[in-house]
Structure formats: C-alpha cells, structure tokens
Amino acid sequence: MVTTSDHRLADAKAKPIKDVADLLHINGLVRAGREWVGPCPGVGCGGRDRFSINTSKNLFNCRICGAKGDQVHLVMFVRGLDFLPALDWLCGPKQELSAAELSERERRDRENRERQQREQQKYRENARRAAWKIWDEAVQPEATPVRGYLTLRGIRSDILTRMPKCLRYHPACPYMVSDDGQQWREVHRGPAMLAAIQGPDGKFSGVHRTWLDLSKPKGKAEITDPKTGKPQKAKKTLGSKKGGAIRLQPLGSVPQLIMAEGIETTLSAMIGGTHAEAAFWCGVDLGNMAGQRMLGKGRKFAGIPDLEDAEAFVPPEWVRELIFIQDGDSEPRLTRAKLLSGCRRAMAKRAGLKARIVPVPEGLDLNDVLMGAADGR
Ligand SMILES: [Zn+2]
C-alpha cells in the first residue's frame with residue numbers, strides 16, 4: 001500500500017518530468033515552448049506529434065491513445081509497471097534512513113548478533129562445566145539408593161544385573177531455582193540419581209538429575225520452594241540436552257535403537273528381554289525427540305518436522321530401525337504428533353532408516369507391547 005507516509009511520492013513529484021522521460025529513453029521529442037512534442041512511446045501508438053509532456057505542470061498526454069498523468073504514471077505507461085514497482089523504479093526501494101544510517105544500523109545489528117552468540121556459547125559452556133562438576137562429585141550407583149529407587153519403579157536388580165555406566169549417585173545434590181535466570185538459590189539438597197547426557201558426538205553435554213526419597217511410593221523427592229510455596233519437579237537437567245540422549249545401553253548387537261522420553265520407561269523396555277539385542281537410549285524430553293515442527297493452521301497435530309532444525313535429535317548413522325515408545329500422557333494426540341515429527345526427521349536424515357511409534361496403552365505391559373511391535377503390530 002502506498003500511504004502518505006511514503007516519502008517517495010514527494011520525491012517522484014519533485015523530479016522534472018523531462019528528466020523522467022529521458023530516463024525512460026523517450027526519443028524524438030521536440031521542444032515547443034513549455035512542452036516537448038513527439039511520437040507516443042505507447043506500444044502500437046507512435047505517430048509524429050500526438051504525444052506531449054508539459055514541463056511546468058509535470059504532466060504528459062497522448063491525444064490518440066489517451067495515456068496521461070504525472071511522473072509515476074509515465075513510468076507505469078512506458079515500462080508497463082504497476083504503481084509501486086514504478087515508484088521503486090523511479091525512486092528505489094522505500095528507505096526511512098540514509099545509506100550511511102542504514103549501513104551503521106547493519107553494523108550494529110551484526111555486532112549485537114555476534115555478541116549474543118558469544119554470550120550464549122559462554123553460557124552453554126558454563127552450564128556444561130557445572131554439570132560436569134556435579135557428575136564428577138557422584139559415585140557408582142550400585143548399592144546406593146539408586147538401586148532402591150529403580151526397584152520401586154519395577155526395575156529389579158535380578159533383571160538389571162549391571163547398572164548402566166551413564167548412571168551415578170549423588171548423596172547431596174543441591175536443587176537450585178532462579179526467579180530471574182540470574183540469581184540462584186538452593187531450595188533443597190539431597191540424594192539424587194544422576195544420568196549423563198551425551199551429545200551427538202558422544203561427548204558429555206549435561207546431567208539429568210532425579211532427586212530421591214525412598215519413603216515416597218514412587219521414590220521421588222517432594223520438593224517445595226519455601227519462598228513461593230510452589231511444588232517443584234523432582235527431575236531437572238543442567239547443561240545441554242539438544243540432540244543428545246542418555247545412552248543406557250549404548251550399543252546393541254543389531255542396528256536397532258529404542259528410545260523413550262523417561263529413564264524408567266527406557267530401562268523397563270530394556271529389561272523386557274524381547275529386544276535385548278537393541279540399543280536403548282533415553283531421549284530426555286519430548287521436545288528433543290520431536291525437534292522443531294512445522295506449525296500453523298491445522299498443523300498442531302500433523303507431526304511435520306522442520307528439517308532446518310539443526311539441534312534436534314537424529315539417530316546415529318548405524319541405526320536402521322528406530323522405535324519411539326509413547327508413554328501414557330495427558331495429551332496423547334500432541335505427544336504422538338511430536339514423536340511422529342521425530343520419526344519423520346530420522347527417516348529424512350538417514351536414508352533407508354525405518355522409524356515407528358509404539359504406544360503403551362494404560363494397564364498394558366510394556367514388554368507385551370514391544371513383542372507386538374516386533375510382529376509389526
Ligand atoms: Zn499514445
């Protein structure tokens with residue numbers, strides 16, 4: 001839309017129409033007082049003296065084809081353009097700033113972007129170091145409350161005989177919260193199960209913590225922020241989980257990867273026995289498994305991955321078959337859409353890979369479901 005705020009209208013009006021005619025290479029005009037007269041530049045018009053431009057009024061006119069108007073109309077007429085493109089042709093793109101001001105603005109924008117990137121990188125590296133410090137303080141989980149916790153969750157020691165290397169026990173792990181992302185305060189300190197998150201390159205990228213209280217039915221600590229009175233989640237990650245996973249059984253003897261959102265579900269599937277030869281990785285959270293999705297009208301549940309997302313989880317190259325386990329969830333349609341997005345991304349990024357979702361319906365044994373999945377159900 002052209003509005004009165006478009007300064008180019010005034011700029012166009014300020015141009016002598018003879019200059020505009022010259023710019024348009026309108027030839028054969030002869031001066032006649034305040035007018036220039038000649039053949040009409042209109043397609044198929046021509047003639048000898050039917051066309052005229054008036055330098056005092058800055059208007060043109062053809063008495064045969066009827067074309068007439070001001071400087072912009074002349075551009076429209078000769079170049080066959082609409083109004084705005086004609087204005088662009090005559091005055092250049094709309095600019096609120098001078099060229100010098102524009103280049104100064106671009107320089108500042110670039111500097112800001114670079115500074116933000118450096119700050120983000122520094123923040124991520126600091127978080128990774130803090131995560132490593134916590135991980136480094138922790139001990140092997142065998143014969144610690146981690147065993148008791150897993151047993152409470154149905155993962156018995158006679159089945160999970162050897163603890164995964166990516167799990168550890170921290171006897172006094174601080175639980176920190178922040179009101180503003182700057183200042184942190186400790187609201188709890190206690191025993192926790194730690195899990196190492198590894199990035200796509202296999203390097204340690206963060207730590208997942210589950211605070212424990214074995215006196216509770218599910219073995220998880222109940223933590224309340226004393227300042228706000230708000231209950232806190234018993235699980236937290238520190239560092240980066242993007243594109244990463246908790247590699248409970250890092251490698252299988254077959255090129256199959258089974259992944260669930262939670263550590264407990266992944267371990268339950270792992271000890272189920274039917275897919276013992278597969279690799280079992282925990283995806284840490286649904287957002288990481290799904291990656292960015294294409295959203296917009298009617299797409300909320302469509303599960304279309306945004307393949308531009310370079311940080312989402314993609315299975316390693318050795319995986320030929322990917323199975324996502326869908327936990328019971330309050331919003332199963334959304335969960336499914338997210339997992340679908342992850343499956344499609346994996347198939348798009350890894351040629352020949354097959355991916356599917358195995359839902360675990362309420363009250364059904366995960367192992368039975370996986371058996372069904374093996375039969376292609
Ligand atoms: Zn004409």
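Where is the place of Val284? Val284 lies in the loop between strand 14 (279-282) and helix 8 (286-290); helices (H or I, at least four residues) and strands (E, at least two) are DSSP runs, numbered from the N terminus.

## About the model

This is a predicted model, in which local features need pLDDT of at least 70, side-chain atom pairs count only at pLDDT 80 or more, and totals for chains, interfaces and linings use all residues. Residues are numbered from 1 along each chain as its sequence is written, and side-chain values use heavy atoms, with hydrogens and water left out.

## Two loop residues with positive phi

Most residues other than glycine have a negative phi. Val284 is not a glycine, yet its phi is positive, at about 70°. With a relative accessibility of 11%, Val284 is also buried (buried means under 20% relative accessible area, exposed over 50%, partly exposed in between, with a 1.4 Å probe and protein chains only).

Asn58 is another residue to look at: it is not a glycine either, and has a positive phi of about 55°. You will find Asn58 in the loop between strand 3 (46-54) and strand 4 (59-62). Its relative accessibility of 18% makes Asn58 count as buried.

## The zinc site

Four sulfur atoms hold the zinc ion: the SG atoms of Cys40, Cys45, Cys62 and Cys65, at 2.2 to 2.4 Å. Donors here are N, O and S atoms within 2.8 Å of the metal (3.2 Å for Na, K and Ca), and sites may look incomplete because water is not among the atoms. Along the sequence, the donor residues follow the spacing C-x4-C-x16-C-x2-C.

The angles among the four donor atoms run from 100 to 119°, and the site is tetrahedral; four donors earn that word if all angles lie between 85 and 135 degrees. Among the donor residues, Cys40 is buried with a relative accessible area of 5%, Cys45 is buried at 18%, and Cys62 is buried at 1%.

## Cysteines and disulfides

How many disulfides does the count come to? The count is zero, where a disulfide is a pair of cysteine sulfur atoms within 2.5 Å. Take Cys282: the closest cysteine sulfur is in Cys166, 8.6 Å from its own, so the two are too far apart for a bond. Cys282 is buried, at 1% relative accessibility.

## An enclosed helix

Helix 7 (residues 263-271) is largely enclosed by the rest of the structure, because eight of its nine residues are buried. Those buried residues are Ile263, Glu264, Thr265, Thr266, Leu267, Ala269, Met270 and Ile271.

Definitions and conventions. Four donors count as tetrahedral if all angles lie between 85 and 135 degrees; four count as square planar and six as octahedral if opposite donors are over 155 degrees apart and all others between 65 and 115; anything else is irregular.
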